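Grab a pencil and work through a few short exercises on the model below. Try each task on your own before you read its solution.

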Amino acid sequence: MRWMEKVKKNIRSWLNVNEAHATNIQITETLDYEANAIKNRIWYRGDSGEIDQLYTQINTGIDQYKFWASKSSPGMEIRKIHTGVPSLIVDTLTTVTLADLKDLEFKESTQQELWQQIEEDNKFNKKLEKAVKEVLYIGDGAFKFSLDYKLSKLPIVEFYPGERIDIECNRGRLEQITFKTVYTHEKKQYVLLEHYGYGYVRYELTKDNKVIDINSIPQTEGLIDVQFAGYDVNEEGSRGDFMMAVPIQFFESGKWDGRGQSIFDKKVDSFDAFDEAWSQWMDALRAGRTKEYIPESFIPKDPNTGEPIKPNHFDHRFFKHDNDNREDASNKIEIDQPNIPHDSYLATYITALDQCLQGIVSPSTLGIDMKKLDNAEAQREKEKATLYSRNAIVKALQEVLPEVVKVAISTYNVLNKATPGEVEVVAEFGEYANPSFESQVETIGKGKMQGIMSIEAVVEELYGDAKDDDWKIEEIARLKAEQGYASVEEPSVGGVDGELIVTE
(Lines give C-alpha, C1' and ligand atoms only; values in the text may rest on other atoms or scores of the structure.)
Protein backbone atom coordinates (compact mmCIF):
# COMPACT_ATOMS: atom_id res chain seq x y z
CA MET A 1 0.00 0.00 0.00
CA ARG A 2 1.37 3.35 -1.03
CA TRP A 3 2.08 6.12 1.46
CA MET A 4 -0.68 8.46 0.12
CA GLU A 5 -3.34 5.77 0.45
CA LYS A 6 -2.32 5.18 4.08
CA VAL A 7 -2.77 8.93 4.73
CA LYS A 8 -6.26 8.85 3.20
CA LYS A 9 -7.29 6.02 5.46
CA ASN A 10 -6.16 7.98 8.48
CA ILE A 11 -8.12 11.13 7.45
CA ARG A 12 -11.82 10.94 8.27
CA SER A 13 -12.90 13.80 5.94
CA TRP A 14 -11.72 14.19 2.37
CA LEU A 15 -12.41 17.06 -0.06
CA ASN A 16 -13.71 16.08 -3.48
CA VAL A 17 -14.25 18.89 -6.02
CA ASN A 18 -16.60 18.19 -8.90
CA GLU A 19 -16.57 20.26 -12.07
CA ALA A 20 -19.41 22.73 -12.55
CA HIS A 21 -22.06 21.88 -15.07
CA ALA A 22 -22.29 24.02 -18.19
CA THR A 23 -24.64 26.93 -17.66
CA ASN A 24 -26.74 28.54 -20.38
CA ILE A 25 -27.53 32.16 -19.60
CA GLN A 26 -29.93 34.03 -21.87
CA ILE A 27 -30.21 37.82 -21.78
CA THR A 28 -32.85 39.67 -23.78
CA GLU A 29 -31.86 43.15 -24.93
CA THR A 30 -34.39 45.81 -24.05
CA LEU A 31 -33.58 47.86 -27.17
CA ASP A 32 -31.77 47.20 -30.44
CA TYR A 33 -29.14 49.61 -31.79
CA GLU A 34 -31.60 51.79 -33.71
CA ALA A 35 -34.03 52.10 -30.79
CA ASN A 36 -31.15 52.84 -28.41
CA ALA A 37 -29.97 55.58 -30.78
CA ILE A 38 -33.48 57.08 -30.79
CA LYS A 39 -33.51 57.05 -26.98
CA ASN A 40 -30.15 58.86 -26.89
CA ARG A 41 -31.40 61.41 -29.40
CA ILE A 42 -34.42 62.20 -27.21
CA TRP A 43 -32.12 62.72 -24.22
CA TYR A 44 -29.96 65.09 -26.29
CA ARG A 45 -32.97 67.07 -27.49
CA GLY A 46 -33.66 67.80 -23.84
CA ASP A 47 -37.44 68.29 -24.03
CA SER A 48 -39.06 67.05 -20.81
CA GLY A 49 -42.32 66.31 -22.61
CA GLU A 50 -40.54 64.12 -25.18
CA ILE A 51 -38.58 62.26 -22.47
CA ASP A 52 -41.84 61.59 -20.61
CA GLN A 53 -43.43 60.23 -23.80
CA LEU A 54 -40.35 58.10 -24.48
CA TYR A 55 -40.50 56.29 -21.15
CA THR A 56 -44.25 55.90 -21.44
CA GLN A 57 -43.64 53.80 -24.56
CA ILE A 58 -40.63 51.79 -23.26
CA ASN A 59 -42.16 51.26 -19.83
CA THR A 60 -40.91 47.68 -19.48
CA GLY A 61 -38.54 45.83 -17.18
CA ILE A 62 -36.38 47.98 -14.95
CA ASP A 63 -37.27 51.11 -16.94
CA GLN A 64 -40.73 51.21 -15.37
CA TYR A 65 -39.18 52.21 -12.03
CA LYS A 66 -37.20 55.14 -13.39
CA PHE A 67 -38.13 58.67 -12.46
CA TRP A 68 -39.34 59.59 -15.94
CA ALA A 69 -41.46 56.43 -16.24
CA SER A 70 -43.15 56.80 -12.84
CA LYS A 71 -46.63 58.27 -12.54
CA SER A 72 -47.89 60.47 -9.72
CA SER A 73 -50.97 59.60 -7.70
CA PRO A 74 -54.06 61.67 -8.59
CA GLY A 75 -53.97 64.98 -6.76
CA MET A 76 -50.27 64.58 -5.85
CA GLU A 77 -48.66 65.45 -9.16
CA ILE A 78 -44.96 66.32 -9.16
CA ARG A 79 -43.41 68.67 -11.66
CA LYS A 80 -40.74 66.74 -13.59
CA ILE A 81 -37.79 68.95 -14.58
CA HIS A 82 -35.04 68.07 -17.05
CA THR A 83 -31.73 69.77 -16.29
CA GLY A 84 -30.32 69.68 -19.84
CA VAL A 85 -26.95 68.28 -18.70
CA PRO A 86 -26.70 65.59 -21.47
CA SER A 87 -26.90 68.07 -24.34
CA LEU A 88 -24.63 70.50 -22.47
CA ILE A 89 -21.93 67.80 -22.19
CA VAL A 90 -22.09 67.01 -25.91
CA ASP A 91 -22.09 70.64 -27.05
CA THR A 92 -19.19 71.54 -24.74
CA LEU A 93 -17.02 68.59 -25.81
CA THR A 94 -17.66 69.45 -29.46
CA THR A 95 -16.72 73.10 -28.92
CA VAL A 96 -13.48 72.46 -27.01
CA THR A 97 -12.40 69.94 -29.67
CA LEU A 98 -13.18 71.72 -32.94
CA ALA A 99 -12.07 75.12 -31.65
CA ASP A 100 -8.44 73.97 -31.89
CA LEU A 101 -8.69 72.36 -35.35
CA LYS A 102 -6.01 73.86 -37.60
CA ASP A 103 -6.03 74.16 -41.38
CA LEU A 104 -5.41 70.86 -43.16
CA GLU A 105 -1.89 70.49 -44.52
CA PHE A 106 -1.58 69.23 -48.11
CA LYS A 107 1.49 68.10 -49.98
CA GLU A 108 0.13 69.40 -53.31
CA SER A 109 -1.36 72.87 -53.66
CA THR A 110 -3.77 71.81 -56.43
CA GLN A 111 -5.39 69.28 -54.12
CA GLN A 112 -5.65 71.90 -51.40
CA GLU A 113 -7.45 74.30 -53.77
CA LEU A 114 -9.85 71.55 -54.88
CA TRP A 115 -10.68 70.62 -51.28
CA GLN A 116 -11.29 74.26 -50.39
CA GLN A 117 -13.86 74.44 -53.20
CA ILE A 118 -15.57 71.23 -52.01
CA GLU A 119 -15.44 72.44 -48.40
CA GLU A 120 -17.05 75.79 -49.22
CA ASP A 121 -19.63 74.25 -51.55
CA ASN A 122 -20.79 71.77 -48.87
CA LYS A 123 -20.33 74.08 -45.84
CA PHE A 124 -18.30 71.24 -44.42
CA ASN A 125 -17.38 72.96 -41.16
CA LYS A 126 -21.03 73.06 -40.06
CA LYS A 127 -21.54 69.45 -41.15
CA LEU A 128 -18.46 68.38 -39.23
CA GLU A 129 -19.75 70.07 -36.07
CA LYS A 130 -23.12 68.33 -36.47
CA ALA A 131 -21.36 65.02 -37.14
CA VAL A 132 -19.20 65.22 -34.02
CA LYS A 133 -22.25 65.95 -31.85
CA GLU A 134 -24.29 63.09 -33.29
CA VAL A 135 -21.43 60.60 -33.07
CA LEU A 136 -20.99 61.52 -29.40
CA TYR A 137 -24.58 60.84 -28.41
CA ILE A 138 -25.58 58.27 -31.07
CA GLY A 139 -22.37 56.24 -31.16
CA ASP A 140 -21.26 56.36 -34.79
CA GLY A 141 -22.18 57.54 -38.27
CA ALA A 142 -20.75 57.88 -41.76
CA PHE A 143 -20.02 60.49 -44.42
CA LYS A 144 -21.55 59.73 -47.82
CA PHE A 145 -20.33 61.16 -51.13
CA SER A 146 -22.60 61.48 -54.16
CA LEU A 147 -23.13 63.59 -57.26
CA ASP A 148 -26.15 65.62 -58.30
CA TYR A 149 -25.49 67.98 -61.20
CA LYS A 150 -28.73 69.82 -60.43
CA LEU A 151 -27.19 70.99 -57.18
CA SER A 152 -23.44 71.13 -57.82
CA LYS A 153 -20.67 69.98 -60.11
CA LEU A 154 -18.61 69.04 -57.07
CA PRO A 155 -19.11 65.94 -54.88
CA ILE A 156 -21.89 66.36 -52.31
CA VAL A 157 -20.91 65.42 -48.75
CA GLU A 158 -23.67 64.21 -46.41
CA PHE A 159 -23.52 62.84 -42.88
CA TYR A 160 -25.77 59.99 -41.76
CA PRO A 161 -26.08 59.24 -38.01
CA GLY A 162 -25.80 55.71 -36.66
CA GLU A 163 -29.52 54.84 -36.68
CA ARG A 164 -29.65 55.50 -40.45
CA ILE A 165 -26.77 53.25 -41.49
CA ASP A 166 -25.82 49.57 -41.38
CA ILE A 167 -22.15 48.62 -41.26
CA GLU A 168 -21.00 45.26 -42.62
CA CYS A 169 -17.59 43.91 -41.68
CA ASN A 170 -15.71 40.72 -42.51
CA ARG A 171 -13.12 39.61 -39.95
CA GLY A 172 -12.99 43.10 -38.55
CA ARG A 173 -12.55 44.79 -41.94
CA LEU A 174 -15.09 47.16 -43.42
CA GLU A 175 -16.86 45.77 -46.48
CA GLN A 176 -20.01 47.82 -47.01
CA ILE A 177 -22.04 50.68 -45.54
CA THR A 178 -25.78 50.83 -46.20
CA PHE A 179 -27.42 54.26 -45.98
CA LYS A 180 -31.15 54.39 -45.24
CA THR A 181 -33.31 57.30 -46.41
CA VAL A 182 -37.05 57.50 -45.77
CA TYR A 183 -39.35 58.95 -48.46
CA THR A 184 -43.10 59.58 -48.31
CA HIS A 185 -45.20 59.36 -51.48
CA GLU A 186 -49.00 59.43 -51.58
CA LYS A 187 -49.13 58.96 -47.80
CA LYS A 188 -47.06 55.78 -48.04
CA GLN A 189 -43.59 55.34 -46.60
CA TYR A 190 -40.65 54.00 -48.58
CA VAL A 191 -37.04 53.36 -47.56
CA LEU A 192 -34.17 53.76 -50.02
CA LEU A 193 -31.17 51.54 -49.27
CA GLU A 194 -27.89 52.76 -50.77
CA HIS A 195 -25.21 50.07 -50.55
CA TYR A 196 -21.76 51.68 -50.68
CA GLY A 197 -18.82 49.32 -51.14
CA TYR A 198 -15.32 49.41 -52.55
CA GLY A 199 -15.82 50.37 -56.17
CA TYR A 200 -19.62 50.21 -56.35
CA VAL A 201 -22.92 51.78 -55.30
CA ARG A 202 -26.11 49.71 -55.43
CA TYR A 203 -29.67 50.94 -54.83
CA GLU A 204 -32.70 49.17 -53.40
CA LEU A 205 -36.15 50.59 -52.70
CA THR A 206 -38.22 48.89 -50.03
CA LYS A 207 -41.78 49.13 -48.78
CA ASP A 208 -42.88 47.20 -45.70
CA ASN A 209 -39.42 45.54 -45.71
CA LYS A 210 -39.97 44.21 -49.25
CA VAL A 211 -37.84 45.21 -52.25
CA ILE A 212 -39.82 46.95 -55.01
CA ASP A 213 -38.99 48.63 -58.33
CA ILE A 214 -36.62 51.58 -57.91
CA ASN A 215 -38.81 53.67 -60.24
CA SER A 216 -41.93 53.28 -58.06
CA ILE A 217 -41.64 56.80 -56.62
CA PRO A 218 -40.41 60.03 -58.25
CA GLN A 219 -37.75 60.63 -55.56
CA THR A 220 -35.76 57.55 -56.66
CA GLU A 221 -36.73 57.33 -60.30
CA GLY A 222 -33.75 56.93 -62.60
CA LEU A 223 -31.26 55.70 -60.01
CA ILE A 224 -28.92 53.07 -61.44
CA ASP A 225 -26.13 51.01 -59.92
CA VAL A 226 -22.61 52.24 -60.63
CA GLN A 227 -19.12 50.73 -60.55
CA PHE A 228 -15.87 52.68 -60.45
CA ALA A 229 -12.19 52.67 -59.44
CA GLY A 230 -11.22 49.31 -60.90
CA TYR A 231 -14.28 47.33 -59.83
CA ASP A 232 -14.85 44.31 -62.10
CA VAL A 233 -18.48 43.24 -62.01
CA ASN A 234 -17.68 39.92 -63.69
CA GLU A 235 -15.04 38.84 -61.22
CA GLU A 236 -16.27 37.24 -58.01
CA GLY A 237 -15.02 38.94 -54.92
CA SER A 238 -13.69 41.92 -56.85
CA ARG A 239 -12.88 45.11 -54.98
CA GLY A 240 -12.45 48.68 -56.11
CA ASP A 241 -9.75 51.08 -55.03
CA PHE A 242 -11.86 53.07 -52.58
CA MET A 243 -15.35 53.48 -51.09
CA MET A 244 -17.32 56.70 -51.47
CA ALA A 245 -18.15 56.63 -47.77
CA VAL A 246 -16.19 57.11 -44.54
CA PRO A 247 -17.43 55.74 -41.18
CA ILE A 248 -16.67 57.57 -37.95
CA GLN A 249 -16.82 56.56 -34.29
CA PHE A 250 -15.03 57.74 -31.14
CA PHE A 251 -15.60 54.82 -28.75
CA GLU A 252 -16.17 51.14 -29.50
CA SER A 253 -19.43 49.61 -28.34
CA GLY A 254 -19.39 46.73 -25.87
CA LYS A 255 -22.89 45.60 -26.90
CA TRP A 256 -22.87 45.71 -30.69
CA ASP A 257 -19.84 44.44 -32.61
CA GLY A 258 -18.46 46.87 -35.15
CA ARG A 259 -20.56 49.77 -33.91
CA GLY A 260 -19.72 52.83 -31.87
CA GLN A 261 -20.65 53.61 -28.28
CA SER A 262 -22.52 56.72 -27.18
CA ILE A 263 -21.30 58.65 -24.16
CA PHE A 264 -24.91 58.39 -22.92
CA ASP A 265 -25.02 54.58 -22.94
CA LYS A 266 -23.70 54.15 -19.40
CA LYS A 267 -25.04 57.42 -18.02
CA VAL A 268 -28.79 57.37 -18.72
CA ASP A 269 -29.60 56.07 -15.23
CA SER A 270 -27.45 58.85 -13.74
CA PHE A 271 -29.20 61.49 -15.86
CA ASP A 272 -32.56 60.14 -14.69
CA ALA A 273 -31.47 60.25 -11.03
CA PHE A 274 -30.10 63.78 -11.42
CA ASP A 275 -33.39 64.99 -12.86
CA GLU A 276 -35.19 63.34 -9.94
CA ALA A 277 -32.91 65.03 -7.37
CA TRP A 278 -33.44 68.45 -8.92
CA SER A 279 -37.19 67.94 -9.36
CA GLN A 280 -37.53 66.82 -5.74
CA TRP A 281 -35.66 69.89 -4.53
CA MET A 282 -37.82 72.23 -6.56
CA ASP A 283 -40.97 70.41 -5.43
CA ALA A 284 -39.89 70.88 -1.81
CA LEU A 285 -39.38 74.59 -2.42
CA ARG A 286 -42.83 74.91 -3.89
CA ALA A 287 -44.45 72.93 -1.07
CA GLY A 288 -42.41 74.84 1.51
CA ARG A 289 -43.61 78.30 0.66
CA THR A 290 -44.88 80.57 3.43
CA LYS A 291 -48.40 79.61 4.51
CA GLU A 292 -50.87 82.17 5.87
CA TYR A 293 -53.72 80.92 8.07
CA ILE A 294 -56.39 83.60 7.78
CA PRO A 295 -59.65 83.86 9.74
CA GLU A 296 -62.71 83.57 7.56
CA SER A 297 -63.57 87.20 8.09
CA PHE A 298 -60.15 88.27 6.75
CA ILE A 299 -60.20 86.23 3.53
CA PRO A 300 -60.08 88.38 0.36
CA LYS A 301 -63.45 88.62 -1.36
CA ASP A 302 -64.33 88.65 -5.03
CA PRO A 303 -65.36 92.25 -5.76
CA ASN A 304 -68.10 91.06 -8.14
CA THR A 305 -69.76 88.26 -6.17
CA GLY A 306 -68.53 88.85 -2.62
CA GLU A 307 -67.48 85.20 -2.34
CA PRO A 308 -64.12 84.32 -0.72
CA ILE A 309 -61.29 83.90 -3.23
CA LYS A 310 -59.96 80.34 -3.34
CA PRO A 311 -56.17 79.80 -3.54
CA ASN A 312 -54.93 77.74 -6.49
CA HIS A 313 -52.65 74.69 -6.44
CA PHE A 314 -49.59 76.74 -7.43
CA ASP A 315 -49.28 79.32 -4.69
CA HIS A 316 -51.32 78.07 -1.68
CA ARG A 317 -50.69 81.45 -0.15
CA PHE A 318 -53.41 81.23 2.50
CA PHE A 319 -55.67 78.79 4.29
CA LYS A 320 -59.01 79.54 5.92
CA HIS A 321 -59.78 78.78 9.54
CA ASP A 322 -62.85 79.59 11.65
CA ASN A 323 -63.23 82.91 13.40
CA ASP A 324 -62.48 82.99 17.11
CA ASN A 325 -65.83 83.97 18.66
CA ARG A 326 -64.78 83.74 22.30
CA GLU A 327 -65.11 86.75 24.59
CA ASP A 328 -62.14 89.11 24.40
CA ALA A 329 -60.74 87.00 21.51
CA SER A 330 -59.01 88.64 18.58
CA ASN A 331 -58.85 87.23 15.09
CA LYS A 332 -55.37 87.48 13.61
CA ILE A 333 -53.40 86.05 10.71
CA GLU A 334 -50.90 83.30 11.55
CA ILE A 335 -47.85 82.68 9.33
CA ASP A 336 -46.05 79.35 9.08
CA GLN A 337 -42.66 78.95 7.33
CA PRO A 338 -41.65 75.26 6.81
CA ASN A 339 -38.01 74.29 7.29
CA ILE A 340 -36.43 73.05 4.04
CA PRO A 341 -33.23 70.94 4.45
CA HIS A 342 -31.20 72.75 1.79
CA ASP A 343 -27.89 71.14 2.81
CA SER A 344 -29.26 67.63 2.27
CA TYR A 345 -30.72 68.53 -1.11
CA LEU A 346 -27.48 70.23 -2.13
CA ALA A 347 -25.39 67.20 -1.17
CA THR A 348 -27.70 64.93 -3.18
CA TYR A 349 -27.57 67.32 -6.13
CA ILE A 350 -23.76 67.45 -6.15
CA THR A 351 -23.39 63.67 -5.83
CA ALA A 352 -25.86 63.04 -8.65
CA LEU A 353 -24.11 65.59 -10.86
CA ASP A 354 -20.73 63.96 -10.20
CA GLN A 355 -22.14 60.63 -11.35
CA CYS A 356 -23.36 62.23 -14.58
CA LEU A 357 -19.99 63.84 -15.40
CA GLN A 358 -17.68 61.12 -14.10
CA GLY A 359 -15.32 59.87 -16.78
CA ILE A 360 -16.68 62.19 -19.48
CA VAL A 361 -16.08 65.84 -18.73
CA SER A 362 -14.73 67.93 -15.87
CA PRO A 363 -17.16 70.14 -13.93
CA SER A 364 -14.95 73.18 -14.51
CA THR A 365 -15.33 72.69 -18.28
CA LEU A 366 -19.05 73.25 -17.88
CA GLY A 367 -18.44 76.42 -15.87
CA ILE A 368 -18.96 74.87 -12.43
CA ASP A 369 -16.77 76.62 -9.86
CA MET A 370 -14.54 74.07 -8.13
CA LYS A 371 -13.28 76.57 -5.50
CA LYS A 372 -9.62 75.93 -6.30
CA LEU A 373 -6.67 78.15 -7.10
CA ASP A 374 -6.86 79.38 -10.66
CA ASN A 375 -3.23 78.82 -11.58
CA ALA A 376 -2.07 76.81 -14.58
CA GLU A 377 -1.38 73.58 -12.71
CA ALA A 378 -4.73 73.64 -10.89
CA GLN A 379 -6.51 74.45 -14.13
CA ARG A 380 -5.03 71.45 -15.92
CA GLU A 381 -5.84 69.21 -12.97
CA LYS A 382 -9.47 70.32 -13.11
CA GLU A 383 -9.62 69.65 -16.85
CA LYS A 384 -8.14 66.13 -16.86
CA ALA A 385 -11.39 64.26 -17.52
CA THR A 386 -12.14 66.63 -20.39
CA LEU A 387 -8.65 66.11 -21.77
CA TYR A 388 -9.07 62.34 -21.83
CA SER A 389 -12.39 62.55 -23.69
CA ARG A 390 -11.07 65.22 -26.02
CA ASN A 391 -7.96 63.17 -26.85
CA ALA A 392 -10.14 60.24 -27.92
CA ILE A 393 -12.17 62.53 -30.20
CA VAL A 394 -9.05 64.20 -31.62
CA LYS A 395 -7.38 60.85 -32.33
CA ALA A 396 -10.42 59.65 -34.27
CA LEU A 397 -10.76 62.91 -36.22
CA GLN A 398 -7.07 62.87 -37.17
CA GLU A 399 -7.75 59.57 -38.93
CA VAL A 400 -11.20 60.40 -40.32
CA LEU A 401 -10.65 63.93 -41.70
CA PRO A 402 -7.74 62.99 -44.01
CA GLU A 403 -9.79 60.02 -45.21
CA VAL A 404 -12.77 62.29 -45.92
CA VAL A 405 -10.54 64.62 -47.94
CA LYS A 406 -9.00 61.72 -49.87
CA VAL A 407 -12.38 60.23 -50.74
CA ALA A 408 -13.80 63.62 -51.74
CA ILE A 409 -10.90 64.34 -54.12
CA SER A 410 -10.87 60.76 -55.45
CA THR A 411 -14.62 60.96 -56.06
CA TYR A 412 -14.17 64.21 -57.98
CA ASN A 413 -11.41 62.66 -60.12
CA VAL A 414 -13.45 59.53 -60.87
CA LEU A 415 -16.53 61.53 -61.79
CA ASN A 416 -14.38 63.57 -64.16
CA LYS A 417 -12.93 60.38 -65.69
CA ALA A 418 -9.52 60.79 -64.10
CA THR A 419 -7.53 58.38 -61.97
CA PRO A 420 -8.17 58.73 -58.21
CA GLY A 421 -4.46 59.41 -57.50
CA GLU A 422 -2.68 59.70 -54.18
CA VAL A 423 -3.73 62.35 -51.68
CA GLU A 424 -1.47 63.26 -48.77
CA VAL A 425 -3.09 65.41 -46.09
CA VAL A 426 -2.59 65.86 -42.35
CA ALA A 427 -5.08 67.14 -39.75
CA GLU A 428 -3.57 68.85 -36.71
CA PHE A 429 -5.16 70.10 -33.49
CA GLY A 430 -3.84 72.61 -31.00
CA GLU A 431 -3.33 71.79 -27.35
CA TYR A 432 -6.24 72.29 -24.97
CA ALA A 433 -5.99 74.16 -21.65
CA ASN A 434 -2.48 75.47 -22.26
CA PRO A 435 -0.68 76.96 -19.25
CA SER A 436 -0.68 80.74 -19.21
CA PHE A 437 2.26 82.59 -20.79
CA GLU A 438 3.27 83.93 -17.39
CA SER A 439 3.48 80.45 -15.84
CA GLN A 440 5.48 79.18 -18.84
CA VAL A 441 7.96 82.03 -18.49
CA GLU A 442 8.36 81.28 -14.79
CA THR A 443 8.88 77.53 -15.31
CA ILE A 444 11.18 77.81 -18.33
CA GLY A 445 13.10 80.65 -16.71
CA LYS A 446 13.96 78.42 -13.76
CA GLY A 447 15.26 75.76 -16.12
CA LYS A 448 17.44 78.31 -17.89
CA MET A 449 18.83 79.68 -14.63
CA GLN A 450 19.72 76.17 -13.42
CA GLY A 451 21.66 75.53 -16.62
CA ILE A 452 19.55 72.67 -17.91
CA MET A 453 18.08 74.51 -20.92
CA SER A 454 19.81 76.30 -23.76
CA ILE A 455 18.56 79.49 -25.36
CA GLU A 456 17.41 77.49 -28.39
CA ALA A 457 15.41 75.15 -26.15
CA VAL A 458 13.90 78.07 -24.24
CA VAL A 459 12.66 79.80 -27.40
CA GLU A 460 11.26 76.58 -28.87
CA GLU A 461 9.47 75.58 -25.67
CA LEU A 462 8.09 79.05 -25.03
CA TYR A 463 6.72 79.87 -28.48
CA GLY A 464 6.24 76.45 -30.12
CA ASP A 465 4.03 76.70 -33.23
CA ALA A 466 3.02 80.29 -32.45
CA LYS A 467 6.08 81.62 -34.33
CA ASP A 468 7.78 80.45 -37.52
CA ASP A 469 11.35 79.14 -37.76
CA ASP A 470 12.81 82.37 -39.20
CA TRP A 471 11.42 84.43 -36.31
CA LYS A 472 12.83 81.93 -33.79
CA ILE A 473 16.31 82.11 -35.36
CA GLU A 474 16.26 85.91 -35.17
CA GLU A 475 14.99 85.81 -31.58
CA ILE A 476 17.77 83.40 -30.56
CA ALA A 477 20.36 85.73 -32.14
CA ARG A 478 18.90 88.76 -30.33
CA LEU A 479 18.91 86.99 -26.97
CA LYS A 480 22.52 85.85 -27.40
CA ALA A 481 23.62 89.33 -28.35
CA GLU A 482 21.83 90.90 -25.37
CA GLN A 483 23.22 88.34 -22.95
CA GLY A 484 26.81 88.74 -24.18
CA TYR A 485 27.20 85.50 -26.10
CA ALA A 486 29.78 85.92 -28.85
CA SER A 487 30.40 83.48 -31.65
CA VAL A 488 34.13 82.99 -32.39
CA GLU A 489 35.89 80.75 -34.82
CA GLU A 490 37.53 77.65 -33.41
CA PRO A 491 41.34 77.90 -33.29
CA SER A 492 43.13 75.69 -35.80
CA VAL A 493 46.30 73.70 -35.27
CA GLY A 494 48.64 73.45 -38.25
CA GLY A 495 51.63 71.19 -38.91
CA VAL A 496 53.44 68.91 -41.30
CA ASP A 497 53.66 65.15 -40.91
CA GLY A 498 52.14 65.38 -37.46
CA GLU A 499 54.73 67.87 -36.18
CA LEU A 500 53.29 70.76 -34.19
CA ILE A 501 54.24 74.24 -35.38
CA VAL A 502 54.53 76.63 -32.50
CA THR A 503 54.64 80.32 -33.25
CA GLU A 504 56.41 82.44 -30.65
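**Exercise 1: the cysteines**

Classify Cys 169 and Cys 356 as buried, partly exposed or exposed, and state how many disulfides there are.

Solution. Keep in mind that this is a predicted model. Start with Cys 169: its relative accessible area is 43%. Buried means under 20% and exposed means over 50%, so Cys 169 lands in the partly exposed class. Next, Cys 356 has a relative accessible area of 0%, so this one is buried. Finally, with a cut-off of 2.5 Å between cysteine sulfur atoms, the count of disulfides is 0.

**Exercise 2: one side of a helix**

Find out which residues of helix H3 are buried, and what covers them.

Solution. Helix H3 runs over residues 48-57, and its buried residues are Ile 51, Leu 54 and Tyr 55. These cover an arc of only 85 degrees around the axis, so they sit on the same side of H3. Now look at what lies over them: the cover includes helix H2 (33-45) and helix H7 (268-287). While you're here, check the start of H3, where a side-chain oxygen of Asp 47 comes within 2.8 Å of the backbone nitrogen of Gly 49.

**Exercise 3: a lysine without a partner**

Work out whether Lys 39 is buried or exposed, and which side chain of opposite charge is nearest to Lys 39.

Solution. First, place the residue: Lys 39 is in helix H2. Second, Lys 39 is buried, and the nearest side chain of opposite charge is Asp 265, 5.7 Å away. Third, a salt bridge needs a distance within 4 Å, and Lys 39 has none. Fourth, list the contacts, skipping neighbours within four places in sequence: Lys 39 is in contact with Leu 31, Leu 54, Tyr 55 and Val 268. Leu 54 and Tyr 55 should ring a bell, as both are among the buried residues of H3.

**Exercise 4: a strand residue**

Describe the surroundings of Ile 177 in strand E5.

Solution. Strand E5 covers residues 173-185 and holds Ile 177. The relative accessibility of Ile 177 is 0%, so Ile 177 counts as buried. Leaving out residues up to four places away in sequence, Ile 177 touches several others, including Ala 142, Ile 165, His 195, Met 243 and Ala 245. Take Ala 245: it is 68 residues from Ile 177 along the chain, yet their C-alpha atoms are separated by 7.4 Å.

To zoom out, the chain has 13 helices and 16 strands, and 37% of its 504 residues count as buried.

Notes
Residues numbered from 1 in each chain as written. Predicted model: local features only at pLDDT ≥ 70, side-chain atom pairs only at ≥ 80, totals over all residues. Heavy atoms only, no water. Buried < 20%, exposed > 50% of the residue type's maximum accessible area, 1.4 Å probe, protein only. Helix = DSSP H or I, 4+ residues; strand = E, 2+ residues; numbered from the N terminus. Arc of directions from axis to C-beta. Contact = heavy atoms within 4.5 Å. Polar contact = N/O pair within 3.5 Å; in protein donor to acceptor, adjacent residues only side chain to side chain. Lys, Arg positive; Asp, Glu negative; His and termini not counted.
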